[in-house]
Amino acid sequence: MSLFEFSPHKEFPEHYEECRLTGVLRYLPAKQREYGDSYFMEEYKSQYKKSYYEDEPNLRGMAKRRLKNLESVGAKPTDKSLLEIGSAAGFFLDEARTAGYHARGLELSPKEVEYAKSTLGLDVDQTSVLSVEEGDWKDSFDLIAAFFVIEHIEDIEGIWKRINSWTRPGGYLYLAVPSSFGPSFQTNPKEWFLTHPSDHFFDYSVHSLKKLLSILGFEVNYVRPMSYHSYRDLGLRGKLPEWLYRLYANQFAYGDTIELIARKLKH
């Protein structure tokens with residue numbers, strides 16, 4: 001049975017198809033590209049104005065914050081298994097291992113895999129998540145993490161069926177994704193499409209993720225915007241005082257990027 005049924009978007013049919021079951025958006029102009037070392041380094045520096053390795057202190061700080069978020073919803077690290085899809089050089093995995101997880105990663109970039117294995121001593125495979133069969137790791141992980149990865153994967157059925165199969169009942173999923181429920185798409189779609197990454201095949205939101213995860217038997221425990229960009233909001237929300245804008249954003253997960261934690265129900 002298919003998890004998704006896409007049809008032309010009512011307002012933007014030249015850009016999107018929308019899943020009638022979940023509301024996930026398929027970006028029609030998206031194209032595959034190679035995710036080697038140059039992609040990783042160039043894209044990161046272009047976005048953050050520093051190299052990935054120069055940003056290590058910030059990335060480790062973010063990893064520690066994410067691990068605290070997991071603890072706040074009841075995810076205890078001791079003797080628990082963790083898989084990170086798209087683990088880069090392994091900073092999150094390293095912090096998770098220090099916290100008590102048995103950590104494993106999947107990463108495409110050869111240089112990052114080499115760093116994670118040789119420098120940090122981590123268990124990371126240089127392979128695509130789709131190269132591991134759905135049944136190979138059934139109920140293998142207490143936590144699956146994927147930060148700004150799933151939107152790049154064209155086989156949406158394949159990635160979600162793997163996530164569902166590999167997460168143990170009672171286990172957790174931690175995602176960070178760009179969100180279509182944020183100031184850019186909601187109030188300035190023209191700019192959204194002008195700057196939309198060409199290798200993002202799907203756009204999610206808190207609403208579509210909750211529907212999809214409910215179908216798969218997950219319950220969302222935590223969701224927050226990762227940043228606040230009231231200046232991007234051309235509507236009424238952009239005129240709110242900053243404190244009130246942030247209050248609204250936190251309450252409704254309104255942001256151009258969001259983080260989400262969901263737990264797989266045991267029954």
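**Close-up views of a predicted model**

In strand β9, D203 is the bridge partner of L25. The model shown in these views is predicted.

**View 1. An open sheet of 4 strands.** The strands follow the order β1-β2-β3-β9, and their pairing is antiparallel. β1 (6–8) and β9 (202–203) are the edge strands; each has a single partner, so one side of each is left without a neighbour in the sheet. Strand β3 covers residues 25–27 and is joined to β9 by 2 bridges. One of the residues involved is L25, whose partner in β9 is D203.

**View 2. A salt bridge between K50 and D55.** Side chains of opposite charge can pair when their charged atoms come close. Here the closest N and O atoms of K50 and D55 are 3.6 Å apart. Is each partner buried or exposed, or does it fall in between? K50 has a relative accessibility of 32% and counts as partly exposed. D55 has a relative accessibility of 5%, which is under the 20% cut-off, so D55 counts as buried. The count of salt bridges in the model comes to 15.

**View 3. E259 and its salt bridge with R65.** In this pair, the closest N and O atoms are 3.0 Å apart. E259 belongs to strand β11 (residues 257–264) and R65 to helix α2 (residues 56–72), so the salt bridge ties together parts that are 194 residues apart in sequence. E259 is buried, with a relative accessibility of 2%. R65 is partly exposed, and its relative accessible area is 34%.

**View 4. E259 and its salt bridge with R66.** Which side chain meets that of R66 in a salt bridge? The partner is E259, with an N to O distance of 2.6 Å. R66 lies in helix α2 and E259 in strand β11, so this pair ties together parts that are 193 residues apart in sequence. R66 and E259 are both buried.

**View 5. A network of salt bridges.** Which residues are joined into one network by salt bridges that share partners? The members are E56, R60, D94, E95 and R97.

**View 6. E191 in helix α7.** Helix α7 spans residues 189–194, and E191 is found in this helix. E191 is partly exposed, with a relative accessible area of 39%. Along the chain, E191 and R232 are 41 residues apart. In space, the C-alpha atoms of E191 and R232 are separated by 10.0 Å.

**View 7. The second largest pocket.** Rolling a probe the size of a water molecule over the atoms shows where empty space is left. The second largest pocket holds about 160 Å³ of space. It is lined by 13 residues, and E18, G23, L25, S180 and S205 are the closest of these to its centre. L25 also appears in the sheet view, as the bridge partner of D203.

**View 8. What lines the second largest pocket.** Which helix supplies the largest share of the lining? That share comes from α8, with 3 residues. α6 (183–187) and α8 (206–216) each supply at least two residues of the lining. Sorted by class, the lining has 8 polar, 3 nonpolar and 2 charged residues.

Key. Residues numbered from 1 in each chain as written. Predicted model: local features only at pLDDT ≥ 70, side-chain atom pairs only at ≥ 80, totals over all residues. Heavy atoms only, no water. Pairing = 2+ DSSP bridges. Salt bridge = Lys/Arg side-chain N within 4 Å of Asp/Glu carboxyl O. Buried < 20%, exposed > 50% of the residue type's maximum accessible area, 1.4 Å probe, protein only. 1 Å grid on protein atoms, 1.4 Å probe; cavity = no way out; pocket = protein on both sides within 12 Å on 5 of 7 lines; lining within 4 Å. Points joined across faces, edges and corners; volume = space filled by probe spheres on them. Nonpolar A, V, L, I, M, F, W, Y, C, P; charged D, E, K, R; others polar.
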